[in-house]
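Colleague: Please take a close look at the sheet in this model. I would like to know how the strands are arranged and what packs around them.

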Amino acid sequence: MSTQTEINEALVKYLQSVGYREDKTITELENETLKLGGVSQMQIAKEQGQFLEIIAKISKANKCLEIGRFTGMSTLFLARGLSESGKVVTIDNSDEFLPLAKKYWELDNMTSKIESIIGEGVEVMQSMIDRQHTYDLIFIDADKNNYLNYYELSLNLLVPNGIIIIDNVLWHGDVADEAKQDSQTNTIRDLNLKIQNDTRVEFSLLPLSDGLSFIRKK
Ligand SMILES: C[S@@+](CC[C@H](N)C(=O)[O-])C[C@H]1O[C@@H](n2cnc3c(N)ncnc32)[C@H](O)[C@@H]1O
């Protein structure tokens, strides 16, 4: 039986150099985000973004929802994966970095495919359910303490055969360290177990960057 290859520092460097194809707009967005300082850690890894784009394409998703926009890199990758008529609705409870995100959406000619909503993720998603909105693909990358809520709300918003992708499910490796008992780590552990046992879905836990849970609603 094949086993999981240990991802050491050298292999991380290899994955970052060979597992991703360089892209000018994305590099500029990454560099401008880095200048923001510590908050830049919130940005998805480019390899993850590349994966999001492919999944949006091969799933032929038309309506996409994102919770957690920050400077808009994941939004941009998702938008790129959609057809001309496709739309990404992105929710964030802060408008602080929206102008920066918009600058790169515009540079990449993706503005017409993106709708930005400022609000609390749980409230906005609940109001979408109340209005019977549906989505084909949902990307969750916001506050970790709400991950169980976002997962349940997403299942309500998703069409059958729809996809949920959740970032940070390895939480820098803390999920495997029993000494780590803070609420964010425990919520992510609870979510990973819930998904594993949830007969409503099929899933794959991918160790790409900080871990992506890849879920299909039956
Ligand atoms: C990890 S960052 C998202 C990174 C983004 N996906 C990217 O590609 O750069 C998390 C974002 O979630 C937002 N957020 C935190 N709590 C939230 C909440 N309760 N509702 C909506 N957004 C929230 C933060 O403002 C932050 O921009």
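Modeller: What follows goes through the sheet, then the helices, then the ligand.

This is a predicted model, in which local features need pLDDT of at least 70, side-chain atom pairs count only at pLDDT 80 or more, and totals for chains, interfaces and linings use all residues. Residues are numbered from 1 along each chain as its sequence is written.

The sheet is open and has 7 strands, in the order β3-β2-β1-β4-β5-β7-β6, with mixed pairing. Strands (E, at least two residues) and helices (H or I, at least four) are DSSP runs, numbered from the N terminus. Two strands pair if DSSP finds at least two bridges between them. β3 (114-118) and β6 stand at the edges with a single partner strand each, so one side of each has no neighbour in the sheet. From one strand to the next, the twist averages 15°. Angles run from 0 to 180 degrees between N-to-C directions, and axes are lines fitted to C-alpha atoms, for helices over the stretch in contact.

At the β3 edge, β2 and β3 pair in the parallel sense over 5 bridges. There, T90 stands opposite S116 in β3.

At the other edge, β6 (residues 201-206) and β7 (residues 212-217) are antiparallel and share 6 bridges. L205 has S213 of β7 as its bridge partner, and L206 has L212. The hairpin of these two strands has 5 residues between them, and S209 takes a positive phi near 55° in it. β7 also runs antiparallel to β5, to which 5 bridges join it. In this pairing I163 stands opposite R216 in β7.

Now the helices. Helix α7 (residues 147-157) lies across β1, β4, β5 and β7, and runs at about 170° to β4. The axes of helix α6 (residues 121-130) and α7 come within 10 Å and cross at roughly 20°. That makes α6 roughly parallel to α7, because angles under 35 degrees count as roughly parallel, over 145 as roughly antiparallel, 65 to 115 as roughly perpendicular and the rest as oblique. The residues in contact (C-beta atoms, placed from the backbone, within 7 Å) are G121, V122, M125, Q126, M128 and I129 of α6 and N149, Y150, L153, N156 and L157 of α7. By class, this contact of α6 with α7 has 7 nonpolar, 4 polar and no charged residues. Ala, Val, Leu, Ile, Met, Phe, Trp, Tyr, Cys and Pro count as nonpolar, Asp, Glu, Lys and Arg as charged, and the others, Gly among them, as polar.

A second helix pair is α3 and α4, which pack at an angle of about 30° with their axes 7 Å apart. α3 is therefore roughly parallel to α4. Among the residues that make the contact are G49, L52 and I55 of α3 and M73, S74 and F77 of α4. This contact has 7 nonpolar, 4 polar and 3 charged residues.

Last, the ligand. Of the 19 residues around the ligand, G68, F70, S74, G121 and D143 come nearest; a residue is near if its C-beta atom, placed from the backbone, lies within 6 Å. The elements that give two or more residues to this shell are α4 (73-81) and β2 (87-92). The shell divides into 6 nonpolar, 8 polar and 5 charged residues.

Note on methods. Contact = placed C-beta atoms within 7 Å.
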